[in-house]
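Here's a quick briefing for anyone meeting this structure for the first time. Have a look at the model, then read on.

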Amino acid sequence: MIKQAVAFLLFAGLAAGALAACSGVGVAETATVVQPASPSPVPRAPSEAVDGAGAADGGPVERGTEVFVSLQDPGGSGEYIYDPADFSFSVGETITFVMESESEFHTFTVTELDINVSVQAEETVDATYTFDAAGTYELICIPHQALGMVGTITVQ
């Protein structure tokens with residue numbers, strides 16, 4: 001009985017958080033970058049590092065090749081997309097994603113690579129990542145995944 005009550009409270013809290021994320025209520029005004037467990041990078045304005053690739057002397061993380069990504073919810077159509085949605089990079093390549101959200105909160109999330117960047121409505125956020133493992137990784141927008149806002153990152 002207690003386990004069921006705890007599970008219900010946990011579910012209710014998660015549901016409330018998801019609703020707040022979709023509505024923009026209670027969402028921080030700045031981008032959130034979740035750092036992976038690898039050595040901590042040194043963030044560099046305006047770009048945030050989302051990997052462990054820093055200078056050997058502890059200096060700032062170098063910006064990579066810029067890749068522009070539009071996080072779209074075109075005209076209230078109910079369609080949610082990344083433009084582009086599919087990316088291909090080489091192992092060792094450093095990329096600075098420049099993400100722009102149209103009119104809603106979105107995320108640029110690749111769980112397997114510990115990338116989780118939040119982008120508020122009408123905001124542009126940079127995040128730099130060095131790809132160190134080959135594979136195909138799922139890209140999702142956490143609040144809009146079920147509505148089709150997905151993509152792939154292929155690293156060769």
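**Starting at the tail end**

Gln156 sits in the segment after β10. Keep in mind that this is a predicted model. We'll begin with that residue, then step back to the whole chain and work inwards.

**Around Gln156**

- At 62% relative accessibility, Gln156 counts as exposed, because the cut-off for that word is over 50%.
- Gln156 still has company from elsewhere in the sequence: leaving out residues up to four places away, it touches Ser88, Phe89, Ser90, Val91 and Ala134.
- Take Ser90 from that list: 66 residues separate Gln156 and Ser90 along the chain, yet their C-alpha atoms are 4.9 Å apart.

**The whole chain**

- The protein chain has 1 helix and 10 strands.
- Reading along the sequence, you meet the helix and then the strands, in the pattern α-β-β-β-β-β-β-β-β-β-β.
- Of the 156 residues in the protein chain, 37% are buried.
- Take the contacts in the protein chain with a separation of 6 or more, and 61% of them are between residues 24 or more positions apart.
- The accessible surface adds up to about 8500 Å², and carbon and sulfur atoms account for 59% of that.

**The aromatic rings**

- There are 9 aromatic pairs in the structure.
- One of them is Tyr82 with Phe108: the ring centres are 5.9 Å apart and the planes stand at 85 degrees, so this pair is edge-to-face.
- Tyr82 belongs to strand β3 (residues 81–83) and Phe108 to strand β6 (residues 106–110), so the pair ties together parts that are 26 residues apart in sequence.
- Both partners are tucked away: Tyr82 is buried with a relative accessible area of 4%, and Phe108 is buried at 1% relative accessibility.
- Phe108 also pairs edge-to-face with Phe87, at 6.4 Å centre to centre and with 70 degrees between the planes.
- Phe87 comes from strand β4 (residues 86–89) and Phe108 from strand β6, so here the parts tied together are 21 residues apart in sequence.
- Phe87 counts as buried too, at 7% relative accessibility.
- Ring pairs join Tyr82, Phe87, Phe89, Phe97, Phe108, Tyr129 and Phe131 into a cluster.

**The nonpolar core**

- As background, nonpolar side chains tend to be buried together in soluble globular proteins.
- In this model, the largest nonpolar core has 26 residues.
- Val69, Phe87, Phe97, Met99, Phe108, Phe131 and Ile153 have the most contacts inside that core.
- The elements giving two or more residues to the core are β2 (65–72), β4, β5 (94–101), β6, β7 (115–119), β8 (124–130), β9 (135–140) and β10 (150–155).
- What does Phe87 touch, not counting residues up to four places away in sequence? Its contacts are Val67, Val69, Phe97, Phe108, Leu139, Thr152, Ile153 and Thr154.

**Strand β8 and Asp126**

- β8 is mostly covered, with 6 of its 7 residues buried.
- Strands β5 and β8 run antiparallel and are joined by 7 bridges.
- Val98 stands opposite Asp126 in β8.
- Is Asp126 buried or exposed? Asp126 comes out at 10% relative accessibility, so it counts as buried, the cut-off being under 20%.
- The side chain of Asp126 makes a polar contact with the side chain of Arg63, at 3.0 Å.

**Gly151 in strand β10**

- Gly151 has its place in strand β10 and counts as buried, at 9% relative accessibility.
- Which residues is Gly151 in contact with, leaving aside its neighbours within four places in sequence? They are Tyr82, Ala85, Asp86, Tyr137, Glu138 and Leu139.
- Tyr82, already met in the aromatic pair with Phe108, is 69 residues from Gly151 along the chain, and the C-alpha atoms of Gly151 and Tyr82 are separated by 7.2 Å.

Notes. Residues are numbered from 1 along each chain as its sequence is written. This is a predicted model: local features need pLDDT of at least 70, side-chain atom pairs count only at pLDDT 80 or more; totals for chains, interfaces and linings use all residues. Side-chain values use heavy atoms; hydrogens and water are left out. Helices (H or I, at least four residues) and strands (E, at least two) are DSSP runs, numbered from the N terminus. Buried means under 20% relative accessible area, exposed over 50%, partly exposed in between (1.4 Å probe, protein chains only). Contact means heavy atoms within 4.5 Å. Accessible areas come from the Shrake-Rupley method with a 1.4 Å probe; for residues, only the protein chains shown count as cover. Rings of Phe, Tyr and Trp (its six-membered ring) pair if their centres lie within 6.5 Å; planes under 30 degrees apart count as stacked, over 60 as edge-to-face and the rest as tilted. A nonpolar core is a set of buried Ala, Val, Leu, Ile, Met, Phe, Trp, Tyr and Cys residues joined through side-chain atoms within 4.5 Å. Two strands pair if DSSP finds at least two bridges between them. A polar contact is a pair of N or O atoms within 3.5 Å; within protein, one must be able to donate a hydrogen and the other to accept it, and residues adjacent in sequence count only if both atoms are side-chain atoms.
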